[in-house]
Amino acid sequence: MNPKLPYVLLLGAAVIIFILSCMLLSRGRQSPSCESQPSTVEKTGSMSKSLVFADLTPEEMVQVVRYLQENLGVQLVDASGAKPSDNCIASVDLQVPAKAEVLRFLDGGGARPPREALAVLYFGNQPDPNVTEYVVGPLPTPGYHRDVTVQKYGGKVPYHRRPMLGTEYEQVGVFLETVVFSAAPTFLQEVLEYDSNNVAFRTTAPHGFQSGDRITWFALFQNVSGFFVHPVGLEVLVDHSSLDISQWAVSRVFYNGQYYRDMVELESAYVQGHISVEKVRKAPRDGDFSSMKPRAPPAALFPLQYEPQGPRYSVRSNLVLFQAWSFAFGMSVSTGLRLFDIRHKGERVAYEISVQEALSVYGSNCPGGMSTRYMDGSFGLGRYTSPLVRGVDCPYSATYVDTHSLSETLRPSKRKASLCIFEQNLGSPLRRHYSNLQSLYYGGLVNSALVVRSIATVGNYDYVWDFIFYQNGAIEGKVQATGYPSSSFLHGDGLRYGNRIWEHTLGLIHTHFINYKVDLDVGGVKNSLVAHDMAFEMTRAPWSPEQQTERPRLTKKVLDTEDQAAFRLQSKMPRYIYFAANSKNKWGHQRGYRIQITSFAGDHMPEASSMERAISWARYQLAVTRRKEEEPTSTSIYNQNDPWTPTVAFADFINNETITNEDLVAWITTGFLHIPHSEDIPNTVTVGNSVSFLLRPYNYYDLDPSIYSHDGVFFTNEQDFMACEINHLACLPKTASCLPNFPPFTYDGFQNM
């Protein structure tokens, strides 16, 4: 044996032990926590001025309620327990000041507009029941109120137009359980195994066929998780038009394709064996196929995003600052998320961007489904804004904001974490170029954008509302639909109206239409609407006159009137349509912001329909009108329950007025057709169920403003692209190797239901 061999082996072992020790020590050493860096966005924007758009505080809501109780001279009961014959406060929201007043305050050094609330009251306990709207102010200590109903709507709002309160639904439920169902005990027990707790009701709307009706089909489902896809085949038409609940009555009953006068007739037909019974298998409480409980255990964690140097945006009260952007946000009880005073590089580009309405029109061979045209603003897109789940509804590290509302109660309610704000790396370049001709270089910019999001759960549907701010000055309004599909009991020719998605479940064909208000102020309040497009022209080649060639050329047209600027849903619209300023960029072009719509909408309801005027905004993919204070919204919460005599008819906004060099508003409609299919079980996914619009600079700047972003990357073949001062991406192992400070998971979505 070589005498040196033991020493060599000992030396090798020592080296191995040293290497393993270093590896273990390095693995055991934690990376430092991520530390926030001072942000330059704090230097721009004025929080004190943005408060002119701020939602009412809980304290202000309390003061408004107290003032109304003490100064109207009538008894006001809590709406959460009100009868139709009572007086109550339906909602209290911010009364947004007139635009001229606000601009004088924001831009002209004028006085701050008085802070006021808009209160909607139901007066059922008086000789002429009606709905009245009051403006109450000044806040925080009210001293006056004025009735603005006639000013806004041209007359009183009839009482039958009022949106249904939650308590009215409860009263209908009690009526069905105690009065209606007692007339058919044998049928209910033997067919539905009814025990007063195992059925759920789903309302339909509008309520009838003509003004004054309040007659509603209520469809019955198994009371399990995801009940929307568990129909049992029974539907009841309830006349609840009387303010005296004891006078409510059943107008018709439907079961498995057959109509009956009432439950007594249904019971008689069943006992005599004259009914074709289709008994539905009883589902477990978790809904079985409709349960959203995962069918697989957790495995490797999904990717997370974090901010290694802290958020690059700030949220101060209702003001958001992000790079060159600033805007104020709020939450309307009826229409949900809205933005005001949107500025880029300090210059206002839009005064208001807001959701107006979400409409769904259903088809079915069952009465409930075929009579459903939901106008979700009537139910309350803001009222039903839901608490967000950290890490799923929004990125885990997003900023979560609480919102407050007062609706159907005398006390304000708080919705924890019901709005989120975050910067999102979209995982793709905003722009880039790799040059392998002439000079060799790479230049690019990561597409990182700011997102403001809320999610409204209105019945079976969940709407994910986003406003997205890009570094090139573009704004996107986007909605994604998820939740459960609506369904009917499958019978007869049901497959004409959708797909079978479970044993007795017909997923109903329906449309989604979403309407937005976009009040652009491009280079000032006064704008014109201009259309650019293309056309091919035939020309002779100058260098070879005997040859002809086709070439596209630019077409230009100023749209002078509202009629010219109203583009029907399926009509051809100019591909470049923009609000033009009265100023020009460096290259002599009118500065503008272009409107670009992404939509897959189904067909609009025929205009011959008696209720079409109530949703006439959906006739148009885009309509541009003069801005008027008396036309603040494209619809009304009262249109749902009386679409035959609409309180607001958008079609009346378009009356061929000139729109050249005026304060203009764009009313944008996006949408999609949904034919539910088996993959909508257990519920609908957002993929493919998303529509949007973009507002994009069009000659507004002299060049792309994102070139000034700090996120840009550029290096040539002659540079050391591994050096941090040349390429900041080379420093990521150092600048981004930190542990994110994820807060503990909390959720308050089941509190105070």
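Strands, like helices, are runs of residues assigned by DSSP and numbered from the N terminus, a strand having at least two residues. With that in mind, we can walk through this structure, which is a predicted model, beginning at a single annotated residue.

The UniProt record, in an unreviewed entry, places the feature "modified residue: 2',4',5'-topaquinone" at Tyr 461, and this residue lies in strand S20, which covers residues 461–469. Is Tyr 461 buried or exposed? A residue is called buried when its relative accessible area is under 20%, and Tyr 461 therefore counts as buried, since its relative accessibility is 2%. Leaving aside residues up to four places away in sequence, Tyr 461 touches a set of residues that includes Tyr 362, Ala 481, Tyr 484, His 512 and His 674. His 510 also belongs to those contacts, and here the side chains of Tyr 461 and His 510 are joined by a polar contact of 2.8 Å.

From this residue we can turn to a small sheet. It is an open sheet of three strands in the order S22-S24-S23, and its pairing is antiparallel. Strand S22 (487–489) and strand S23 (498–502) form the edges, each of them pairing on one side only, while neighbouring strands of the sheet are turned against each other by 40 degrees on average, if direction is ignored. Looking at one pair in detail, S23 and strand S24 (residues 505–508) are linked in the antiparallel sense by four bridges, and Arg 500 has Leu 506 in S24 as its bridge partner.

Further along the chain, strand S29 (residues 576–584) pairs with strand S30 (residues 590–598), again in the antiparallel sense and over four bridges, with Phe 579 standing opposite Tyr 593 in S30. These two strands form a hairpin with five residues between them, where Gly 588 adopts a positive phi near 85 degrees. S30 also pairs with strand S33 (residues 690–698), in the antiparallel sense over seven bridges, and in that pairing Ile 595 has Leu 695 in S33 as its bridge partner.

Finally, we can look at a helix. In helix H7, which spans residues 185–192, Phe 187, Leu 188, Val 191 and Leu 192 are buried. Why do these residues lie on the same side of H7? They do so because they cover an arc of only 95 degrees around the axis. The buried residues of H7 pack against strand S8 (231–239), strand S9 (249–255) and helix H8 (263–271). After H7 comes Glu 193, which has a positive phi near 50 degrees.

Note on methods
Residues are numbered from 1 along each chain as its sequence is written. This is a predicted model: local features need pLDDT of at least 70, side-chain atom pairs count only at pLDDT 80 or more; totals for chains, interfaces and linings use all residues. Side-chain values use heavy atoms; hydrogens and water are left out. UniProt positions are given in the numbering used here, feature names are shortened, and annotations may be inferred rather than shown by experiment. Buried means under 20% relative accessible area, exposed over 50%, partly exposed in between (1.4 Å probe, protein chains only). Contact means heavy atoms within 4.5 Å. A polar contact is a pair of N or O atoms within 3.5 Å; within protein, one must be able to donate a hydrogen and the other to accept it, and residues adjacent in sequence count only if both atoms are side-chain atoms. Two strands pair if DSSP finds at least two bridges between them. Axes are lines fitted to C-alpha atoms, for helices over the stretch in contact, and angles run from 0 to 180 degrees between N-to-C directions. The arc is that of the directions from the helix axis to the C-beta atoms.
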